[in-house]
Each structure stands twice: as structure tokens, then as C-alpha cells.
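Here's a quick walk through a few features worth finding on your screen. Have the sequence and the 3D view open as you read.

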Amino acid sequence: MEALKVKSSYNSNGGRRMIQFTHQEIEKFREKAKQDPRIIDWLLEQTELVRNNELKIPDAGIANWGLYYYCSECSVELTFDFDKPTQHECPLCKKVHTGEPFDGAWWRSIHELNYTAAYYLGLLYVCTAESKYAEASKNILLEYAKRYPGYEVHGDIPYNGPGKANAQTLCEAIFIRNFAYAYDLISDTLTQKEKEFICQDLLLCGAKFLTEHRQNQLHNHEVIINAAIGVVGLIDDNKELLDFAIYDDYGLIYQLEHGMLADGIWFECSLCYHFFALQNFYGFERFAVHTEHSQIMHPNYRKMVKAALKFLQPNYKFPMMNDTMDYHTELNEYNLYEFSYKIFREEIILKVMHKVYENEERNNIESFFYGVDTLPDASPIELDDYHDAKGSGTTIVRGEDNQFLLFRHGKYGGEHDHYDRLSVSYMYKNQNIIPDLGTTGYGAFYHYEYFKNTGTHNTVMLNEENQAPCDGKVSVFEKTKDYTFVDAKAEWNSNYTMPDSFTICQWSEEAYQDVTMRRRILKAENYWIDIFNVESPKEKTIDWIMHFNGEQINRSTQETPIENFSNKKPFKYLKNVSFVDAVGLTKTTYKLEDITTNVYSYVDGSQMIYAQGPGKPTNLYIPYMIQRAQAKEKVFINVITSHANDDIIIKDVKIQIIKDEIVIKVKSDSKTQEHRFSLK
């Protein structure tokens, strides 16, 4: 690939020139748009609401957090209506929400419509040279420049700094960055007075605010804030802003080099935030690519974009991990492959793009402005097993019938991590049989009350308290032709160091102090074995938890209902709770459409508790299995197998403890396989 050419943002006579695109690129865009006007149609569609209506801009800084715009009962996003600033309907239960925080969140969406329109109208001007689009973009910029200095600082959202137009610094940065993009695109149509007004009262005013509220931490927020400051710094040719945003501690280079784990995954250990961070690194790099301040050839960018693709599920979605909402799992959610491929020319990125464009046209601003003209042919993606013990701490085992077993045994990642060391999730035939629920909008009631708790994950919880942060570590990883075996531990001791990122304590140090948990997973072709040991210096309530999609179909007549099962989150939201005092081998069966899942549990000194808890959305319920013991030490032994229709592959399972050894025999049509494990 040719070396990127550096250009100045100023002509030799001192007049300003566009930064994000060269003259040659602009000529090419205009010719492409004439030959294929679909991008024009797309940009017109995206800006229709703003172009065809009177501009809505609040005179005061009243916008609230966009993630408050969720139904309090169903935990789904409310339906935004441009014409209804005080009525906000849930698409599921049809409840109409009024007042705050919903009205303020509605204004947050209005800001997004406006700054996106200003940017896209600038792109329309670049593609067509029609002054009406530049004029419309300019009008938005000028109207905000009139109001922005007077917007009051506001916002008290957890983990976030405040905003002016918005209620958090993150949203303020995206707001300022998009207006900066727009300004750069149309600046040749502005008078000197208009340029000075927009730069001083909107862009530089915003950048100054952002520098005051960037925190010295590793975080996707700081990436976003730095990107916005850096873009304004380039526009103003401001060395102080550029040094702060790019080169200083906690600037873009620092974040890129310190925020990435050994396997290339962003330290927050949510693929949603891995891509969110990378998108916002690119928010600077795509703008700066022709300048001396671009860092796009830093090897960590190439590593980051490739690393996440190893996590793709067989349905070509990304797994739910930590703070992830359903739409964040979509392969086409992350519009960064085009720019990545143009820069790096990696075959795996090309394969991903071919997969994305199986179901949609290659007609978006990423492909048009940042992609190659024509995608070369590529072979299909090959999805392989994955194991990492030093970075993200993740093992993925795949199998026939689109099986996908994910085992999380790595580091705690800060704000957007969940308290779920040694948790698992499992897919069979592209169905989430044992799901990781991720979460919902962070301003929704159930985010902190339910989803972001140990008890809503497939792991072990002590005294109904959230796990404290710790590092999980792998002691054994073995892969043979017949099985994959992982032996991992989580130890709560004094050796743990928190990530360099601000975190609100929402866990119990006391409940987990000096506790060791060990989970052994053996994944064979048609079943998997789960052995979970817990050792505590004091007696605790120990809950092994697993939840399923579908329905439990073999309820026992000996189940005893439990009234008022818990007053602690998240278990206080469980319903239809009952228990069985089982001894020895217990078989529990779940049905999801045509898939049957059997769980063979060795029960010794613990209760089998069955319940239902909120799913996705939260007005639907899913079954829980909880094995509970009161003890200092406990081992939970389970064998899980799934099959479709009547194709029963595993005929029988036997589990015994002989002296200090666990003996498991799994019988199929063709053979009986025996596995032996130490009890401790």
C-alpha cells in the first residue's frame, strides 16, 4: 500500500483547506455520485426529518441521557416520535411515559438528529457541489453557536462527567466532533466572520469544556473525548489541543497502548465497547489520515480489528458479554471494516465484509468515502476455536450442529464488566440455550437491579452478593481429537490490582475474601461436563446458577414452593420459586422450539431450586436452575447435552464419587465414555 501523504490544513497563502478529504478525493466522490447516485439518496433520506421541518434546538441545556429512554417495565427502548416531545410510547406494552427523564432524553435524540444532519449535509455538498446543502448545514452550525456558550453544565449520570448540550461528557464529545466534521466540509462556503463565530462559540468552546472534563483513566469515554478534542485541534491548528488529545498521558496513543489486552481485546472485555473504542479511535484517524498527527499505522489498530472477529458465533453475531445490548451483537453494527480493509488489506476483514454484504447493499458512507472501489473476491470465513489465558481470558469451543461454548476466566475490566468470573454461555443449532443476558439501557430500572449482578450469570454466587473483582487464571488447557478441557481458577486475595479505570463499588469484598473458585469444563462432541469447586474460610450460602431459554418440561411433583425467596437483587425478581431435596443424580430437561437440553446433576448436600426470572425483554420470563448449599467447601457436578427433535445422541449419564475421585460415564448409541476427575 502506498504511504499516506501528509498535507497541511492550510494553503500556502494562509487560506484554510479541507482536512478530512483531499481535492483529488473530492473530485472522485463527485464522479462516483454522478455514476451511482444511491449515496445521495441515502444521505437525503437520513437528513429528511431535519431538512423538511423547522429546526428544533433548545435554548437551554436540557438534554438528558439517551439511555434513560427505556420502558421501566419491559426494558426496551421507547419509540422516538419527532412530533411528540412529551409522549414516549413503549413498543411492547404501549405504556406512554411522560415527564423526566424521558423528555430530556427525547431532546438528546434531537441533538443527534441535528449534528448528524449537519455532517451528512456537508457530505452532500462534497458529493454534489450544490450550495443548498452547505447552506442548510451552516444554518444548523450557526444556530448552535448562538446558544452553546449559554448552555449550563449539567448531568449526574453514574460513571460519567457532565455535559452542556447533553448530560454526559461522552455525548458532548460526539456532539462537538460531528459539528467539527460538518464545519470542515463546508468551510469554503463560509465568510471569515462565520468561521470565527462557529469556531470560537461552538467548536473551541466545546473543546475547552472537554479538556476540563476528560479524566485520567483508561476508558472508551476518554477515547471519544480525545478524538473530539483532536479533531478541533486539527481544525484550529492548535498545538495545545493536539498534544492534550493525542500525545499526553491518557491521550489517544496512551489509550491505544495501555487499553488493549495481550490478545488485542479492549480491556473493558465487552465486544460492544471494544468496537465502540475502535470506532472512536477511527473518529479521529479518518479525519486525520492525511495529516502528520495520524497514528493509523500503529500496529494495535490492526490487532484490535482482527482480534474481535475470533469471537464470532456460528450465526455471525458477536456474543453477549458484560454491558452489551442485543443490537450490539450484529456484525453490521460496526461500520469500521471498510476503512480497516483499505488501510490494512487483511483477508479476514475482507471476508467479514463479504458476509455483511450478503444481506444488504454496499451503500453507506463507510464504503463510499472510506472504502476501496471494488471488494476483491474472498473465500468464506472459517470460524475456529479460541483460547486466551493472558488477555481477555476467554475460551471458545465450537462443534457440530453450530455449537458454541464460551467460558470467561479472565481479568475484571472495570465499569462495563459484570461480576461473573468463571461464567459460561452455550449455543446449539444457532439457538442461545444457556444465554449470557448482557444488559439493557443503563438508565433502565433493570440494568443495575437485575442484569448487572452475579446472580443473573451462569456462575457461582456467595451470600447472594456480587463477586468482587479478581483475576481468573487458567492452570490447564488441553485439546485432543475427542475433547477440549479447561481448568481455571478465580482467587480473591491481596494480589489483585484494579484496572486503571474509575469503578463504583457494587460488590462485596467480605463475601469473597480469601475464597477460591475453580471451574473445570470438558467439552466433548455431544455433551459437556461442568465441575465447579468452591473453597471458603467461612461457611457461606453458595449458589451455582444457570438459566436457560425455553421451558422446563419435567417439573417434579415433589417440588416445594418457596415464598419470599430473597429480598436481595437480583434474586428478589425471581418468581415461581420451588425446591427439591434431591440426592444423587437428578435430570432436568428444558425445551426451546425443537431443541431439548438435559442437565444431569449430582446433588449431594445441596438443594435443587427451580425458578423463573426476567429475560429479554424483562416482561418475559426464563427458567433458572440454582443448586444451593450452606458450606465452606462445595463441588457442583453437571453434565449438559442438547439434541434436536428425536435425535437423542446421549442415552444415559452416570455420576459417582469414588473415594476422592469423580467418575462420569456418558453412554451413546455407539459407546460409553468414562471421565475421571479429582474431587478437589
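## Strands, helices and a salt bridge

Strand E4 (residues 394–399) and strand E5 (residues 403–408) pair in the antiparallel sense, with six bridges between them. Strands pair if DSSP finds at least two bridges between them. Look at Ile-396: its bridge partner in E5 is Leu-406. Step back and you'll see an open, antiparallel sheet of five strands, in the order E3-E4-E5-E6-E7. Two of these are edge strands, each pairing on one side only:

| Edge strand | Residues |
|---|---|
| E3 | 386–387 |
| E7 | 431–434 |

Element names come from DSSP runs numbered from the N terminus (helices, H or I, at least four residues; strands, E, at least two).

This is a predicted model, where local features need pLDDT of at least 70 and side-chain atom pairs count only at pLDDT 80 or more, while totals for chains, interfaces and linings use all residues. Residues are numbered from 1 along each chain as its sequence is written, and side-chain values use heavy atoms, leaving out hydrogens and water.

Now for the helices. H6 (residues 169–186) packs against H11 (residues 271–288) at about 30°, their axes 11 Å apart; axes are lines fitted to C-alpha atoms over the stretch in contact, and angles run from 0 to 180 degrees between N-to-C directions. The two are therefore roughly parallel (angles under 35 degrees).

Finally, Glu-330 forms a salt bridge with Lys-317, closest N and O atoms 3.2 Å apart. That term means a side-chain nitrogen of Lys or Arg within 4 Å of a carboxyl oxygen of Asp or Glu. The whole structure has 41 salt bridges.

Methods: Parallel < 35°, antiparallel > 145°, perpendicular 65-115°, else oblique.
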